[in-house]
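This report introduces a protein structure to a reader who has not met it before. The sequence and the model are shown first, and the description follows.

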Amino acid sequence: MGAVSEFLCRLYTVAIVFLSLLVLEAVILFRSVTGTVANSDKRVISTTEYLKLIEEKNPAILYTEKLRQQSEVECAVCLSEFLVGESVRKLKCKHTFHRDCLDKWLQQYLATCPLCRTKVLPDEIVADYHRLQDQVDQYDGSDEEMIFLLSGIHGNGLHRIF
């Protein structure tokens with residue numbers, strides 16, 4: 001009688017685990033479908049498109065002696081001095097940065113000047129770009145994460161089942 005009771009207990013635990021997996025998969029599927037439908041009217045901009053828009057609004061120029069006399073002598077992002085012939089971006093607010101330094105800054109933060117916070121790109125474009133970054137960071141539905149989640153829910157008894 002003890003063996004039958006233990007078998008039924010294990011069968012019950014296995015049923016709970018598989019039911020939990022089924023419910024979680026259904027929730028993930030529902031979220032992905034509704035998220036796709038809800039966000040279908042919102043545009044997503046790739047990194048390449050985003051950098052192209054930055055280039056269109058603030059084209060890169062070569063740093064010259066004339067520019068040295070008109071603006072800063074060092075990049076406020078990397079704190080390195082500008083060298084004649086380097087590729088820089090001079091923003092509409094008149095602040096100048098290395099092209100690569102500013103591009104990295106604009107990808108990681110809001111698209112504003114690192115010094116005075118003047119907008120470099122419109123908010124809609126920045127939101128569209130960061131929407132893509134958020135999608136990349138979301139849960140990918142891997143089984144390893146699901147098993148880890150369930151082991152936390154069901155405690156240490158789960159290892160006896162598998």
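## Report on the predicted model

At 44% relative accessibility, Asp100 counts as partly exposed. The structure is a predicted model. Asp100 takes part in a salt bridge with Arg99, in which the closest N and O atoms are 2.9 Å apart. Arg99 is partly exposed as well, with a relative accessible area of 30%.

### Overall architecture

The protein has seven helices and three strands. Along the sequence these elements follow the pattern α-α-β-α-β-β-α-α-α-α. Of the 162 residues, 23% count as buried. The accessible surface comes to about 11,200 Å², and 60% of this area belongs to carbon and sulfur atoms. Among the contacts with a separation of 6 or more, 47% are between residues 24 or more positions apart.

### Salt bridges

The count of salt bridges in the protein comes to seven. Three of the pairs, including the one already described, are set out below.

| Pair | Closest N to O distance |
|---|---|
| Glu6 and Arg10 | 3.4 Å |
| Arg89 and Glu55 | 2.7 Å |
| Arg99 and Asp100 | 2.9 Å |

Glu6 and Arg10 both belong to helix α1, where they are four residues apart, about one turn of the helix. An α-helix has 3.6 residues a turn, so residues three or four places apart point the same way. Glu6 is partly exposed, at 46% relative accessibility, and Arg10 is also partly exposed, at 38%.

The side chains of Arg89 and Glu55 meet in another salt bridge, with 2.7 Å from N to O. Arg89 is part of strand β2 and Glu55 is part of helix α2, so this pair ties together parts of the protein that are 34 residues apart in sequence. Arg89 counts as buried, at 2% relative accessibility, whereas Glu55 counts as partly exposed, at 32%. Through salt bridges that share partners, Glu55, Arg89 and Asp103 are joined into one network.

### Helix α4 and its surroundings

Asp103 also appears among the buried residues of helix α4, which spans residues 99-108. The buried residues of this helix are Cys101, Leu102, Asp103, Trp105 and Leu106. What do the buried residues of α4 pack against? They pack against α2, β2 and β3, the last of which covers residues 96-98.

### Aromatic pairs

A search of the whole structure finds two aromatic pairs. Tyr50 and Tyr129 form a stacked pair, with 4.0 Å from centre to centre and 10° between the planes. This pair links distant parts of the chain: Tyr50 is in helix α2 (residues 47-57) and Tyr129 is in helix α5 (residues 123-137), 79 residues apart. Both Tyr50 and Tyr129 are buried.

The other pair consists of Tyr63 and Phe82, whose ring centres are 4.8 Å apart and whose planes meet at 35°, so the pair is tilted. Tyr63 lies in the loop between β1 (60-62) and α3 (65-70), while Phe82 lies in the loop between α3 and β2 (87-90), so the pair ties together parts that are 19 residues apart in sequence. Tyr63 is buried, at 0% relative accessibility, and Phe82 is buried with a relative accessible area of 0%.

### Cysteines

How many disulfides does the structure hold? The structure holds zero disulfides. The sulfur of Cys75 has its closest cysteine sulfur in Cys78, at 3.9 Å, which is too far for a bond. The cut-off for a disulfide is a pair of cysteine sulfur atoms within 2.5 Å. Cys113 is likewise in no disulfide, and the nearest cysteine sulfur, that of Cys93, is 3.7 Å away. Cys75 is buried, with a relative accessible area of 0%, and Cys113 is buried with a relative accessible area of 0%.

### A nonpolar patch on the surface

Val4, Phe7, Leu8 and Leu11 form a nonpolar patch on the surface. Together these residues have about 390 Å² of accessible area. One of them, Phe7, lies in helix α1, which runs over residues 2-38. Phe7 is exposed, with a relative accessible area of 53%.

Methods: Residues numbered from 1 in each chain as written. Predicted model: local features only at pLDDT ≥ 70, side-chain atom pairs only at ≥ 80, totals over all residues. Heavy atoms only, no water. Buried < 20%, exposed > 50% of the residue type's maximum accessible area, 1.4 Å probe, protein only. Phe/Tyr/Trp six-rings, centres within 6.5 Å; stacked < 30°, edge-to-face > 60°. Helix = DSSP H or I, 4+ residues; strand = E, 2+ residues; numbered from the N terminus. Contact = heavy atoms within 4.5 Å. Patch = residues over 30% accessible without salt bridge, like charges linked within 9 Å, V, L, I, M, F, W, Y side chains within 5 Å. Areas by Shrake-Rupley, 256 points an atom, 1.4 Å probe, with all protein chains shown as cover. Salt bridge = Lys/Arg side-chain N within 4 Å of Asp/Glu carboxyl O.
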